[in-house]
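Student: I should like a close look at one part of this protein, namely its nonpolar core and the elements around it. Please take me through that region in one connected account.

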Amino acid sequence: RVYPFHFCPGINSLLGPWTMKRPGPSLPVVLGSSSKWRRSVFKQEFPEFEGDFMSPDIDEKAIRAERPEDMCLAIARAKADALVPKVAKDALLVCMDQVTVCDGGVREKPESEKEARDFLESYRQGKPATFMNGMVVHNTATGRRVSSINSSKVQWKEFPDEVIDSLVKQGEIFTCSGGVTVEDENLQKYRQSLEGTLDSVQGLPVKSLSMLLSRAEAPAVTHVVFDMDGLLLDTESAYSVAQQAILDKWNRKFTWDLKGKMMGKKALEACQLCIDELGLHNEISAEAFLEERERRLDVLFAKAALMPGVERLIRHLHRYGIPMAVATSSHRRHFDLKTSLHKELFGLMTHIVTGDQVTKSKPNPEIFTHAAGLFASPPATEQVLVFEDAPSGVEAGLAAGMQVCHVPDENLSRSSCGFAHCELRSLEDFRPEEWGLPPF
């Protein structure tokens with residue numbers, strides 16, 4: 001049976017006129033968490049699952065890693081390893097861990113009142129805290145294990161001693177990563193900014209977990225479609241340099257928020273969006289903006305380098321005979337320029353689809369459905385894996401009914417993340433076996 005992907009909050013509004021359909025959940029869920037709060041929220045947010053609960057018994061302090069995202073994923077995987085032998089039925093086992101990053105250091109639950117007060121003092125000074133969630137879902141029926149990371153960032157205004165005293169006295173902060181309860185009514189009014197979602201900060205990112213549960217029961221991937229700019233090739237910096245040079249004439253700034261809106265769109269459409277956002281209608285037309293941008297980009301594109309992890313992944317998939325394609329919004333002339341240093345590697349693709357071969361821009365799914373249809377034996381859409389760095393590309397892949405892995409730029413707002421089946425820091429972190437593909 002299939003049904004609209006309604007259990008992921010906001011997903012239908014994200015997709016606009018296209019509604020993604022997925023196989024309905026067929027397995028019960030076991031939440032591997034001793035947190036009463038997390039159990040309560042899971043029951044509330046996922047009423048379609050009759051969840052059981054188990055407490056993982058591991059030494060979390062013994063698991064360390066250099067990067068915080070690696071550490072929380074390693075702890076979540078260790079929890080799953082400990083609980084899988086104890087799950088006596090076919091189920092989806094969910095295990096999670098959260099760490100907080102602030103002032104250059106990783107913070108877990110405070111171990112003393114002094115440490116808790118030190119944490120709160122740094123937040124009071126305006127130092128932002130990033131809450132990193134590692135999530136693992138293990139399908140005990142198939143043995144398939146999938147994972148993802150999710151993060152959100154919070155910054156507070158200066159708050160009085162009374163707030164710190166109240167939080168310490170209540171004691172709940174001693175059970176929370178980073179030693180802070182963002183939902184506390186006394187602290188809420190001092191929150192200055194939130195990038196991401198409150199449930200992510202609290203340790204149970206509903207959207208991301210919804211997608212991960214879906215992925216754990218999804219069929220194995222048989223075909224792969226890559227976006228190009230910012231994912232395979234480091235060309236996004238060239239766009240920033242070229243467009244900022246043009247905007248300097250009118251003392252305008254090319255921000256990452258604006259760039260995120262433009263990513264994945266056809267060239268003329270993106271230029272018009274830039275003009276609209278910055279109020280330049282009386283200064284320059286989209287056509288003239290594009291013409292000047294093209295002149296600048298021609299020089300920059302010829303030097304485009306591969307992004308981390310790209311060559312290893314493409315050669316690995318080719319070695320095992322996995323059909324691959326590129327679906328890029330760039331037109332053919334730009335594609336040829338950008339790939340001029342990497343023709344042999346891009347020659348491993350079954351085919352290339354460029355923006356001038358389709359009529360609609362992402363987030364419309366046309367470019368991905370067209371790319372999938374060109375394979376010698378067109379696959380079922382749910383067996384196609386799309387790699388994307390742009391939010392509009394993520395929307396397009398989901399709208400096409402495909403599995404989507406998001407590799408966002410670190411500068412992209414957290415509010416634009418969390419909608420894909422997986423989020424990675426870079427392609428270096430990709431685990432093929434989690435998608436039914438041959439492992440490295």
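Tutor: The account below begins with the core, follows its strands and contacts, and then turns to charged pairs and cysteines. The model is predicted, and every value that follows was computed from it.

The largest nonpolar core holds 30 residues, and those that touch the most other members are Val224, Phe226, Leu232, Ile314 and Phe387. Five elements each supply at least two residues of this core: the segments β10 (223–226), α13 (310–319), β11 (324–327), α15 (343–346) and β13 (384–388). The largest share, 4 residues, comes from α13. In soluble globular proteins, nonpolar side chains tend to be buried together. Apart from this core lies another, of 21 residues, with Ala325, Ala327, Ala396 and Ala420 among them.

The strand β11 is a useful place to look in detail. Met324 and Val326 point one way from β11, Ala325 and Ala327 point the other way, and all are buried. In a regular strand the side chains alternate between the two faces of the sheet. Ala325 and Ala327, on one side of β11, are among the members of the 21-residue core.

β11 also has paired strands. β10 and β11 run parallel and are joined by 3 bridges, and in this pairing Val224 of the core stands opposite Met324 in β11. β11 likewise pairs with strand β12 (residues 351–353) in the parallel sense, again over 3 bridges, and here Val326 stands opposite Ile352 in β12.

Leu232 shows what surrounds a well-connected member of the core. Leaving out residues up to four places away in sequence, Leu232 touches Phe226, Asp227, Ala305, Leu306, Met307, Val310, Ile314, Val326, Phe346 and Leu427. This list includes Phe226 and Ile314, which are themselves among the residues that touch the most other members of the core. It also includes Val326, one of the buried residues of β11.

Met307, another contact of Leu232, lies in the loop between α12 and α13. With a relative accessibility of 25%, Met307 counts as partly exposed. Neighbours within four places in sequence aside, Met307 is in contact with Gly230, Leu231, Leu232, Leu233 and Asp234. Thr359, by contrast, is 52 residues from Met307 in sequence and 28 Å from it in space, C-alpha to C-alpha.

Helix α17 (residues 391–399) is mostly covered, with 9 of its 9 residues buried. The buried residues include Val394, Leu398 and Ala399, as well as Glu395. Ala396 is another of the buried residues of α17 and belongs to the 21-residue core. Just after α17, Gly401 takes a positive phi of about 80°.

Charged pairs form a further layer of the description. The model has 36 salt bridges. Side chains of opposite charge can pair when their charged atoms come close. Arg333 and Asp298 meet in such a bridge, at 3.1 Å from N to O. This pair links distant parts of the chain: Arg333 is in helix α14 (residues 332–338) and Asp298 in helix α12 (residues 286–301), 35 residues apart. Both are partly exposed, Arg333 at 41% relative accessibility and Asp298 at 28%.

A network of salt bridges links Arg67, Glu69, Asp70, Arg425, Glu428 and Asp429. Within it, Asp70 and Arg67 have their closest N and O atoms 2.8 Å apart, while for Glu69 and Arg425 the corresponding separation is 3.9 Å. Because Glu69 lies in helix α3 (residues 68–83) and Arg425 in the segment after β15 (422–423), that pair ties together parts that are 356 residues apart in sequence. Glu69 is buried, at 12% relative accessibility, whereas Arg425 is partly exposed, at 41%. Asp70 is also partly exposed, at 30%.

The cysteines complete the picture. There are 0 disulfides in the structure. For Cys72, the nearest cysteine sulfur is that of Cys422, 13 Å away. The sulfur of Cys95 has its closest cysteine sulfur in Cys72, also at 13 Å, and this is too far for a bond. Cys72 is buried, at 0% relative accessibility, and Cys95 is buried as well, with a relative accessible area of 0%.

Methods:
Residues numbered from 1 in each chain as written. Predicted model: local features only at pLDDT ≥ 70, side-chain atom pairs only at ≥ 80, totals over all residues. Heavy atoms only, no water. Disulfide = S-S within 2.5 Å. Buried < 20%, exposed > 50% of the residue type's maximum accessible area, 1.4 Å probe, protein only. Core = buried A, V, L, I, M, F, W, Y, C linked by side-chain atoms within 4.5 Å. Contact = heavy atoms within 4.5 Å. Salt bridge = Lys/Arg side-chain N within 4 Å of Asp/Glu carboxyl O. Pairing = 2+ DSSP bridges.
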